[in-house]
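Here is a friendly walk through a protein model for someone meeting it for the first time. Have the picture open as you read.

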Amino acid sequence: PDDIGKLEPTTLGESLAGEVALTGHPLLVEDVDPPTRADYAGRSFMIVPLKDRRIVLGVVNLTDRRGGEVFTQDDLEVVSLLAGQMAVNLINSNKWEDLHRMTVVDPLTGLFNRRFFDRQIAIELERAKRYDRQVTLALMDIDNFKIINDLNGYATGDAVIRSVAKIIQDNSGEVDV
């Protein structure tokens, strides 16, 4: 079907999927003949939470087996196990993304750091050469920054750096690095 993989947002507690997300308990409807719900047109369905321990990340909705048979309790148990593993993988993926981000983004400014620059500059230069485009590299310095730190302390110096970073972000395009 055309809607495979389509994500439908839901509100906790609203709709059956929202109820499963709210409670964290899977739902199995083994045989609906004829369908009695206006929002469901199949014979059998299950909604399984994607959860790791007590954290519900989302739900998986499955409707109608290929051969037309209805889902069973055994199917629900298998899908629940797979959904638990999917949730663990999602959490690990998010942790990896967070760790990766920490290695290339300065925590004070939110701007890319020198490590990212060292990796990215060769890519950007190659891209410019391939598409016959120019590359602009802007270097900036905050004049008398040591005096700001010495007279006002590091907290003020950090505030100045964050302000300059915000100006840079606000005046950069979405694809600018």
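What follows goes from the overall layout to the sheet, then to the helices and the surface.

## The big picture

First things first: this is a predicted model. The protein has five helices and three strands. If you trace the sequence from start to end, you meet them in the pattern α-β-β-β-α-α-α-α. In other words, one helix comes ahead of the strands, and four helices come after them.

Of the 177 residues in the protein, 20% are buried. The accessible surface adds up to about 13,900 Å², and carbon and sulfur atoms account for 54% of that area. As for how the chain meets itself, take the contacts with a separation of 6 or more: 43% of them involve residues 24 or more positions apart.

## The sheet

How are the three strands arranged? They form an open sheet in the order β1-β2-β3, and the pairing is antiparallel. The edges belong to β1 (27–29) and β3 (55–63), each of which pairs on one side only. From one strand to the next, the twist averages 15°. As a bit of background, strands of a sheet pair through backbone hydrogen bonds, either parallel or antiparallel.

Now for the two pairings. β1 and β2 are joined by three bridges, and one match to look for here is Val 29 with its bridge partner Phe 45 in β2. Strand β2 (residues 45–52) pairs with β3 over eight bridges. Along that pairing, Leu 50 has Gly 58 in β3 as its bridge partner, while Asp 52 stands opposite Ile 55 in β3.

## The hairpin turn

β2 and β3 make a hairpin with two residues between the strands. Look for Arg 53 in this hairpin: its phi is positive, near 60°.

## Helices against the sheet

Two helices pack on the sheet. Helix α1 (residues 15–23) touches β1, β2 and β3, and its direction makes about 30° with that of β2. Helix α2 (residues 73–104) also touches β1, β2 and β3, with its direction at about 35° to that of β2.

Is β2 mostly covered or mostly open? It is mostly covered, with seven of its eight residues buried.

Helix α2 has a couple of residues worth finding. One is Gln 85, which counts as partly exposed because its relative accessibility is 43%, and the cut-offs are under 20% for buried and over 50% for exposed. The C-alpha atom of Gln 85 is separated by 8.7 Å from that of Lys 51, although the two residues are 34 apart along the chain.

## A nonpolar patch

The other residue to find in helix α2 is Leu 90. Its relative accessibility is 40%, so Leu 90 counts as partly exposed. Together with Ile 55 and Leu 57, Leu 90 makes a nonpolar surface patch of about 260 Å². Since β3 covers residues 55–63, this patch brings together residues from β3 and helix α2.

## Salt bridges along the helices

How many salt bridges does the structure hold? There are five, and three of them are described here, each sitting within a helix.

Start with helix α3 (residues 114–130). Arg 114 forms a salt bridge with Asp 118, and the closest N and O atoms are 2.9 Å apart. These two are four residues apart in the helix, so about one helical turn separates them. Arg 114 counts as exposed, at 61% relative accessibility, whereas Asp 118 is partly exposed at 43%.

Further along helix α3, the side chains of Lys 129 and Glu 126 meet in a salt bridge, at 4.0 Å from N to O. Here the spacing is three residues, again about one turn of the helix. Lys 129 is exposed, with a relative accessible area of 64%, and Glu 126 is partly exposed, with 38%.

Finally, helix α4 (residues 145–152) holds both Lys 146 and Asp 150, four residues apart, or about one turn. Their side chains meet in a salt bridge of 2.8 Å, N to O. Lys 146 is exposed at 59% relative accessible area, and Asp 150 counts as exposed too, at 52%.

Definitions and conventions:
Residues numbered from 1 in each chain as written. Predicted model: local features only at pLDDT ≥ 70, side-chain atom pairs only at ≥ 80, totals over all residues. Heavy atoms only, no water. Buried < 20%, exposed > 50% of the residue type's maximum accessible area, 1.4 Å probe, protein only. Contact = heavy atoms within 4.5 Å. Areas by Shrake-Rupley, 256 points an atom, 1.4 Å probe, with all protein chains shown as cover. Pairing = 2+ DSSP bridges. Axes fitted to C-alpha atoms, helices over the stretch in contact; angles between N-to-C directions. Patch = residues over 30% accessible without salt bridge, like charges linked within 9 Å, V, L, I, M, F, W, Y side chains within 5 Å.
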